[in-house]
Amino acid sequence: MKNVTPFPAPAKDAANDVVVLSCPHQMHFDPAPLSRLFAERDTHEAEEIVCRMLEDIAMRLDMLQRGLAENTFDTMERPARRIGAIADQMGLTEVAIAVGHVLTCLAQQDGIGLDATMARLERGFDVAVSEVWGFRDI
């Protein structure tokens, strides 16, 4: 006697459920926005603005980390979008790309992907802070 349970046909093509997120190996940083800021303002004022923007990103990144830890994913979209907007304004291309991937994971309710992209966002922000202050010293 042979007991064979047939597998049901897939409901849809699984390939459509897989999103490939590219992860470049180097930090993408566009210095043009910061160059304009430092050209238009005196150095002290420009540095204050940059500090406020970085602090804003850090505060919202903390909100994202809490949302991830508490599994309150519905509270994470707004701070993520704000981080993306600030990153775009500052030329922090890698941070903005990582935020886009975080938003994709939130939309797909992909907790594992969200964990990975949040870690990448955090690493990207750490490198971005160094890039911004390194740029300032030039």
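## Salt bridges and helix packing in a five-helix model

D56, R60 and R82 are joined to one another in a network of salt bridges. The model is a predicted one, and six salt bridges occur in the structure. Side chains that carry opposite charges can pair when their charged atoms come close. Three of the pairs are set out below.

| Salt bridge | Closest N to O distance |
|---|---|
| E45 and R41 | 2.9 Å |
| D56 and R60 | 2.7 Å |
| D62 and R66 | 2.7 Å |

**Pairs within helix α2**

D56 and R60 belong to helix α2, which covers residues 43–69. Because these two residues are four positions apart in that helix, about one helical turn separates D56 from R60. D62 and R66 are also placed in helix α2, four residues apart, or about one turn of the helix. An α-helix has 3.6 residues a turn, so residues three or four places apart point the same way.

The accessibility of the acidic residues can be given for both pairs. D56 has a relative accessibility of 16% and counts as buried, because the cut-off for buried is under 20%. D62, at 34%, is partly exposed. Its partner R66 is partly exposed as well, with a relative accessible area of 42%.

**The pair E45 and R41**

The side chains of E45 and R41 meet in a salt bridge with an N to O distance of 2.9 Å. E45 has a relative accessible area of 35% and is partly exposed. R41 is likewise partly exposed, at 36% relative accessibility.

**Overall make-up**

The secondary structure of the protein consists of five helices and zero strands. Read from the N terminus, the order of elements is α-α-α-α-α. The protein has 138 residues, of which 35% are buried. When contacts between residues at least 6 apart in sequence are considered, 66% of them join residues at least 24 apart.

**Packing of α1 on α2**

Helix α1 is formed by residues 32–40, and it packs with α2 at an angle of about 140 degrees, the two axes being 7 Å apart. The angle makes α1 oblique to α2. On the α1 side the contact is made by L34, L37 and F38, and on the α2 side by T43, A46, E47, I49 and V50. Sorted by class, the residues of this contact are six nonpolar, one polar and one charged.

**Helix α3 and A80**

Helix α3 has 14 residues, and the distance from its first C-alpha to its last is 20 Å, close to the 20 Å expected at 1.5 Å a residue. The buried residues in α3 are P79, A80, I83, G84, I86, A87 and M90. Just after this helix, G91 adopts a positive phi of about 85 degrees.

A80 is located in α3, which runs over residues 77–90. With a relative accessibility of 1%, A80 counts as buried, since that value is under 20%. Apart from neighbours within four places in sequence, A80 has contacts with L64, V99 and L103. One of these partners, L103, is 23 residues from A80 in sequence, and the C-alpha atoms of the two residues are 7.0 Å apart in space.

Technical notes
Residues numbered from 1 in each chain as written. Predicted model: local features only at pLDDT ≥ 70, side-chain atom pairs only at ≥ 80, totals over all residues. Heavy atoms only, no water. Buried < 20%, exposed > 50% of the residue type's maximum accessible area, 1.4 Å probe, protein only. Contact = heavy atoms within 4.5 Å. Salt bridge = Lys/Arg side-chain N within 4 Å of Asp/Glu carboxyl O. Axes fitted to C-alpha atoms, helices over the stretch in contact; angles between N-to-C directions. Parallel < 35°, antiparallel > 145°, perpendicular 65-115°, else oblique. Nonpolar A, V, L, I, M, F, W, Y, C, P; charged D, E, K, R; others polar. Expected span 1.5 Å × (residues − 1).
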